[in-house]
Amino acid sequence: MKPYEYLEHTADAKFKAYGNDLAEAFKNSAYATFNILTDTKKIKGKTEKELIVRAKKKTTLLYDFLDELLFLLDSEGFLLHEITDLEIRENDGMFHLECTFNGDIFSNKYEVSGNIKSVTYNEMEIDEKKDNVMVQVVVDI
Amino acid sequence: MSELKAKKLNDYSYTVEKDGKELPVKIYASEKLMKHMQKDKCLEQGVNASTLPGVKGKSLMMPDAHQGYGFSIGGVAAISCDDGCISPGGIGFDINCGVRLLTTNLTKKDVEPKIKELLEVMFRMIPPGVGSQSLIRLDDDQLHDVLLNGAKWCVENGYGVEEDLENCEENGTMPGAKPEFVSQKARSRGRKQLGTLGAGNHFLEVQTVEKIFDEKTAKVFGFIDKDQIVVMIHCGSRGLGHQVCSDYLRRMEDAYPDIMEALPEKDLIYAPSGSKIANEYFGAMCASANFAWANRHIIGHQVRKAFRRVLGDDVTLTTLYDVAHNIAKVEEHVIEGKKEKVWVHRKGATRAFGPDREEVPEKFRKVGQPILIPGSMGTSSYVLVGTKTAMKETFGSTAHGAGRLMSRFQAKKEFRGETVKNELEKQKIFIKAASWKGISEEAPGVYKDVDEVVKVSHEAGIGNLVVQLKPLGVVKG
């Protein structure tokens, strides 16, 4: 199974990310997002970071998770290399996401192009089947 | 939803029908442009926008309309300030993405021999690309002042001159800005970005006057002759504006779950007039617009410095005008014979005020405001003038650019950055870009024909042709 694939979208970037469970699909959606800009494999895993996101709905959780990563991109120039751990739990009607990941701060040694302005709800889908989860996202670029 | 049908009204406009019933939507397009529009979901989005509470008259779509979020790009709606709403999806993520144009006392002959050096210097002084950081460091108080006062802060702090402010929409300072409603997160995203170009379709271009359509108006705008050098700056409020849009979309979603549930598309979420969130979003949106004006203003100042460094101290660059393409403004319009205050949402559309409006700087007031329409890399850009027809038909609005035709992934498959660069160099158009991939994604072939877009605006009378500009050198992210 491919981790993610890009789909046709005239003005912006649209992708489907897959996984055996929701956590893996979310993880792959983060890779799909950063690989619009650069090759995450070529980014060094110098800095380790943690992220916690809570939301009432899974779509909101996905939006906020990717939004947090884009915040790091703009505020610190942070480029994602690898997600080492991602867990999603449901508790008292809320979804909790905890993620550990690493990457590096932008410098001229990295080839980076384009920009991502924001995650959107446009055509956002989460399709959960047993052992097979798909999330679809359009980002404004 | 049953199928929407575009129904031709005349050679340059359409409406939309559903089950034989005409909907309150008007689209400015030729047959050629309509064919592009029918390929994506933009007609549906135009119809969706018409269903928001308090929309006056029709939901409008400009000649460059294509699919966006909530509203289509190229969407315009006037919504009642008293019993309507404000919708971030009707403004866009890049609040006050827009264009500034500077005229110079130089001609193509003066600049062409030194264009490569000029592009190098501008590339260093105005950092483009993702992760690029400003040469300016703002502390908390300074950032607050930028959000409150926009371009005025720049002049007070030694960037640019007073005349730049006179020749800018809103004089570079949006009234109603409330920095206190801009989140810390948004501030952190924008803090290091003031005076940077960003990436994607944003650019800085040295252009020449290729053709003058309307001598009299061109003269009022400061154009001297064919081959005159001008500089176009296209960018917006950077990460700060994107975060403000995102913050308020989410807040509105949480505050109005019932409205959200009933919407045909989530990104169309709005806050009703008079609500706390509507007022706070409007204040934060105006503050973001100020950030964008300060950003283009500082870039203009840096361009001036770069030109003088390369071409000598007697070079003059005058801001002709600066326009917003993504914004909502409180404006007074005559609607069904009555003067009304409305929030005009323009998402990928330019204000096109005609003669005699007090919002237009005095020097342009007799002819109408300048409208700046950027093309894509390697194609023409245009200057148009606002009209009385636009005041009557489109709440004083017209198109804002070419609009994409092909996805970025498709573009990367079809074009190689290096080939695009070489082909443009053969036409004597030089590029300095942060990455090759960026060049292929923005190749001229991925955009619609901007010539057709401005022709429709002119023929429909909502923005008339004044001058055609051709690129000579481009700086891109």
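How many bridges pair strand 7 of chain A with strand 8 of chain A, and in which sense, parallel or antiparallel? The tour comes to that pair at its last stop, where the answer is five bridges in the antiparallel sense.

This is a predicted model, in which local features need pLDDT of at least 70, side-chain atom pairs count only at pLDDT 80 or more, and totals for chains, interfaces and linings use all residues. Residues are numbered from 1 along each chain as its sequence is written, while chains are lettered from A and ligands numbered from 1 in the order in which they are written.

**Chain A as a whole**

Select chain A, which holds two helices and eight strands; helices (H or I, at least four residues) and strands (E, at least two) are DSSP runs, numbered from the N terminus. Read from the N terminus, the order of the elements is β-β-α-β-α-β-β-β-β-β. The radius of gyration, taken over C-alpha atoms, is 14 Å, close to the 14 Å that the globule rule (2.2 Å times the number of residues to the power 0.38) gives for 141 residues, so chain A is as compact as a globular protein of that length. Its C-alpha trace spans about 45 × 35 × 25 Å along the principal axes.

**The sheet 3-5-4**

Next select strands 3, 4 and 5 of chain A, which form an open, antiparallel sheet in the order 3-5-4; two strands pair if DSSP finds at least two bridges between them. Strand 3 (47–55) and strand 4 (78–91) of chain A stand at the edges, each with a single partner strand, so one side of each lacks a neighbour in the sheet. Between strand 3 and strand 5 (residues 94–105) of chain A there are nine bridges, and A:Leu51 has A:Cys99 in strand 5 as its bridge partner.

Now add helix 2 (residues 58–76) of chain A, which packs on the sheet and touches strand 3, strand 4 and strand 5 of chain A; contact here has C-beta atoms, placed from the backbone, within 7 Å.

**The hairpin of strands 7 and 8**

Finally, select strand 7 (residues 125–129) and strand 8 (residues 132–140) of chain A, the pair of the opening question, joined by five antiparallel bridges. A:Glu125 has A:Gln136 in strand 8 as its bridge partner. The two strands form a hairpin with two residues between them, and A:Asp131 in the turn has a positive phi of about 60 degrees.

Technical notes:
Two residues are in contact if their C-beta atoms, placed from the backbone, lie within 7 Å. Axes are lines fitted to C-alpha atoms, for helices over the stretch in contact, and angles run from 0 to 180 degrees between N-to-C directions.
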